[in-house]
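Got the viewer open? Here is a short walk through the model, one selection at a time.

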Amino acid sequence: MPTFKLVLSDPISGKARQFEVKDPLAQRFVGLKIGDEIDGVVLKDFIELPKGAKIRITGGSGVEGAPMHPGIPGPVKKYILADGPPGYWPPKKGMKKKKLVRGNTITDTIVQINAVVVYPKDYSGPPAIPLGAKELEKKKEKTEEAAAQ
């Protein structure tokens, strides 16, 4: 009985929202890999996505906190010699470190799934995750400054 935290990002607004996904919806994510896309209709209980929108899996992390790595196939945990993201950001160029990472497949031991909304090609409507009051105020100020110049 898996339970996931789904972090859904919106490329139009630049915002992200977190949802708790439980059975039976969580079963739809088990077996998916990083880069796979599913129909946005599956999240109709949580968020209203535009018609034709999809959700692309971009990563996640396991119970122990190890990040999913797109280059490791299958539902495994491995130590890799990492020289860059995901999972390790070296303080100096050329540094490497042995890091524990998970494979690219979602299993019931994954706790968090990161995903992004993929809009249809000709979409020009409002973002699925709207901007907050502070962001709208800042955007309004910037447009007023640009108009004044």
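Before selecting anything, one cut-off: buried means under 20% relative accessible area, exposed means over 50%, and partly exposed is what falls in between. Keep in mind, too, that this is a predicted model.

**Stop one: Glu 64**

Start by selecting Glu 64. Is it buried, exposed or partly exposed? Its relative accessibility is 38%, so Glu 64 counts as partly exposed. Now add Lys 77 to the selection: its side chain meets that of Glu 64 in a salt bridge, 3.8 Å from N to O. The pair ties together distant parts of the chain, with Lys 77 in strand 5 and Glu 64 in the loop between strand 4 and strand 5, 13 residues apart. Lys 77 has 46% relative accessibility, so this residue is partly exposed as well.

Keep Glu 64 on screen and bring in Arg 102. These two form another salt bridge, and here the closest N and O atoms are 3.2 Å apart. This link spans 38 residues, from the loop between strand 4 and strand 5, where Glu 64 sits, to Arg 102 in strand 6. Arg 102 is at 8% relative accessibility, so it counts as buried. Show the three residues together and you have one network: salt bridges with shared partners join Glu 64, Lys 77 and Arg 102.

**Stop two: Glu 37 and Arg 56**

How many salt bridges does a search of the whole structure find? The total is three. To see the one we have not visited yet, select Glu 37 and Arg 56, whose side chains meet at 3.0 Å, N to O. Again the partners come from distant parts of the chain: Glu 37 belongs to strand 3 (residues 37–39) and Arg 56 to strand 4 (residues 54–62), 19 residues apart. Glu 37 has a relative accessible area of 37%, so call it partly exposed. Arg 56, with 32%, is also partly exposed.

**Stop three: the loop between strand 5 and strand 6**

Next, pick out the loop running between strand 5 (77–82) and strand 6 (97–102), and find Gly 87 in it. Gly 87 has 19% relative accessibility, so it counts as buried. What does Gly 87 touch, leaving aside residues up to four places away in sequence? Show Pro 67 and Lys 99, the two residues in question. Then try a distance between C-alpha atoms: Gly 87 and Leu 100 are 13 residues apart along the chain, and the viewer should give you 8.3 Å.

While you're in this loop, select Pro 86, which lies here too. A cis peptide bond joins it to Pro 85, with omega at about 0°.

**Stop four: another cis bond**

Now jump to the loop between strand 2 (16–21) and strand 3, where you'll find Pro 24. Look at the peptide bond between Asp 23 and Pro 24: that one is cis, and omega is about 0°.

**Last stop: helix 1**

Finish by selecting residues 133–148, which make up helix 1. How many of its 16 residues are buried? The count is zero, and the helix is hardly covered. For a check on its length, take the C-alpha atoms at the two ends: they are 23 Å apart, which agrees with the 22 Å that 16 residues should span at 1.5 Å a residue.

How values were computed
Residues numbered from 1 in each chain as written. Predicted model: local features only at pLDDT ≥ 70, side-chain atom pairs only at ≥ 80, totals over all residues. Heavy atoms only, no water. Helix = DSSP H or I, 4+ residues; strand = E, 2+ residues; numbered from the N terminus. Buried < 20%, exposed > 50% of the residue type's maximum accessible area, 1.4 Å probe, protein only. Contact = heavy atoms within 4.5 Å. Salt bridge = Lys/Arg side-chain N within 4 Å of Asp/Glu carboxyl O. Expected span 1.5 Å × (residues − 1).
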